[in-house]
Amino acid sequence: ELTSLAETKAQLTQLKQQFERCDKEKIEAIMTSRQNAIRIEELEREILEAQQKISLLDRELDDASAVNMNLQLALDTLRGSDMQDLERDLVSEVHAMRSGSRYTEESLKRQLDESQRRIED
């Protein structure tokens, strides 16, 4: 009976060790799974940020392409134009801007004068 008891005790010790190994492996698997889930969330967030940046850069590229095309059209127009016509157009635009500026200046002066009169009254 002592032999049987010793064998049973040895088997029990062996089963306990197997159980502890299984428990340790299970805990390690759970921890690895959690770490993987966290890493997957981080990667998904990075992917979303990268997609948003790509979208923004794509819009900026479209805008830059449109500006480039407009500038190219302006250059093509300038190449085909007579310089005297261009100068005349620029002078005309400057005169128009001056007239607008004078009108705005006079309007602002009138408003200022009216405001000062109101304050004085």
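Helices and strands are taken here as DSSP runs, with at least four residues required for a helix and at least two for a strand. On this basis, the secondary structure of the chain, which is a predicted model, comes to two helices and zero strands. Helix α1 covers residues 2-80, and helix α2 covers residues 83-120.

The overall dimensions depart from those of a compact globule. For 121 residues such a globule would have a radius of gyration near 14 Å, whereas the chain has 42 Å. The C-alpha trace spans about 120 × 60 × 10 Å along its principal axes. Separation along the chain is illustrated by K9 and A66, which are 57 residues apart in sequence and whose C-alpha atoms are separated by 85 Å. K9 is found in helix α1; with a relative accessible area of 59%, K9 is classed as exposed, because the cut-off for that class is over 50%.

Burial is correspondingly described by a single proportion: of the 121 residues of the chain, 2% count as buried. The exposed area of the chain is about 11600 Å², and carbon and sulfur atoms supply 56% of that area. Charged side chains comprise 18 positive and 27 negative groups. The centres of these two sets lie 5 Å apart.

Side chains of opposite charge can pair when their charged atoms come close. In the present model, the count comes to four salt bridges. In helix α1, the side chains of R39 and E42 meet in a salt bridge with an N to O distance of 3.2 Å. These two residues are three positions apart, about one turn of the helix. Both partners fall in the intermediate accessibility class: R39 counts as partly exposed at 40% relative accessibility, and E42 is partly exposed with a relative accessible area of 31%. The pair also belongs to a wider arrangement, as R39, E42 and E46 are linked in a network of salt bridges.

Further pairs were identified in helix α2. The side chains of E105 and K109 meet in a salt bridge at 3.5 Å, N to O. E105 and K109 are four residues apart in this helix and are therefore separated by about one helical turn. E105 is partly exposed, its relative accessible area being 42%, and K109 is likewise partly exposed, at 48%. A salt bridge also joins the side chains of R118 and E114, with an N to O distance of 4.0 Å. R118 and E114 both lie in helix α2, with a spacing of four residues, about one turn of the helix. The partners fall on either side of the 50% cut-off: R118 counts as exposed because its relative accessibility is 62%, whereas E114, at 36%, is partly exposed.

Acidic residues also form a cluster at the surface. A negative surface patch is made up of D58, E60, D62 and D63. Residues in a salt bridge are excluded from patches, so the members of this patch take no part in the pairs described above. D63 has its place in helix α1. At 52% relative accessibility, D63 counts as exposed, because this value is over 50%.

Definitions and conventions. Residues are numbered from 1 along each chain as its sequence is written. This is a predicted model: local features need pLDDT of at least 70, side-chain atom pairs count only at pLDDT 80 or more; totals for chains, interfaces and linings use all residues. Side-chain values use heavy atoms; hydrogens and water are left out. Buried means under 20% relative accessible area, exposed over 50%, partly exposed in between (1.4 Å probe, protein chains only). Patches are made of residues with over 30% relative accessible area and no salt bridge: like charges are joined within 9 Å, nonpolar side chains (Val, Leu, Ile, Met, Phe, Trp, Tyr) within 5 Å. Accessible areas come from the Shrake-Rupley method with a 1.4 Å probe; for residues, only the protein chains shown count as cover. Lys and Arg count as positive and Asp and Glu as negative; His and the chain ends are not counted. The place of a charge is taken as NZ of Lys, CZ of Arg, CG of Asp or CD of Glu. The radius of gyration is taken over C-alpha atoms; the globule rule is 2.2 Å times the number of residues to the power 0.38.
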